[in-house]
Amino acid sequence: IPAAAFLTWSFVYTYLWTRMHRAIHGVENNWFRKIGPAFRFFRNHHLRHHVHANGNYGTVFPVTDYVFFTWLGRSVTPRRAAARRRNKAKRATA
């Protein structure tokens with residue numbers, strides 16, 4: 001029974017992570033994008049990880065960032081994140 005529970009949990013987690021991650025990055029328009037404020041919270045949390053890769057690892061369960069002290073609290077909008085990536089790329093080529 002423990003092995004079956006672990007296997008079931010692994011499939012559920014993988015399904016959730018894939019759907020949520022694809023919706024956050026705009027790859028697919030699925031059920032997750034339609035949940036409104038919760039989607040914006042998860043998107044902002046995940047995009048902060050892309051701007052500052054040393055935190056916000058919990059895409060499906062952000063509470064794990066509190067547990068492991070990796071929570072980054074600053075808000076990052078998609079436009080600001082894209083602008084930072086462009087500026088970083090410009091500095092790298094200069």
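Good morning; this short presentation goes from the overall make-up of the chain to its salt bridges.

Please keep in mind that the structure before you is a predicted model.

I begin with the elements of the chain. The chain contains 4 helices and 0 strands. Read from the N terminus, the order of these elements is α-α-α-α.

Next, I turn to burial and surface. The chain has 94 residues, and 27% of them are buried. About 6700 Å² of the chain is exposed, and 65% of that area comes from carbon and sulfur atoms.

How do contacts spread along the sequence? Among contacts in the chain with a separation of 6 or more, 33% link residues that lie 24 or more positions apart.

I now come to the side chains. How many salt bridges does a search of the whole structure find? The search returns 2. In one salt bridge, the side chain of Glu-28 meets that of Arg-19, with an N to O distance of 2.9 Å. Arg-19 itself has a relative accessible area of 24%, and it is therefore classed as partly exposed. In another salt bridge, Glu-28 pairs with the side chain of Arg-22, here at 2.8 Å from N to O. Arg-22 is likewise partly exposed, because its relative accessibility is 33%. Through shared partners, the salt bridges join Arg-19, Arg-22 and Glu-28 into one network.

To close, I would ask you to retain two points. The chain is built with 4 helices and 0 strands. Its salt bridges bring Arg-19, Arg-22 and Glu-28 together in one network. Thank you for your attention.

Key:
Residues numbered from 1 in each chain as written. Predicted model: local features only at pLDDT ≥ 70, side-chain atom pairs only at ≥ 80, totals over all residues. Heavy atoms only, no water. Salt bridge = Lys/Arg side-chain N within 4 Å of Asp/Glu carboxyl O. Buried < 20%, exposed > 50% of the residue type's maximum accessible area, 1.4 Å probe, protein only. Helix = DSSP H or I, 4+ residues; strand = E, 2+ residues; numbered from the N terminus. Contact = heavy atoms within 4.5 Å. Areas by Shrake-Rupley, 256 points an atom, 1.4 Å probe, with all protein chains shown as cover.
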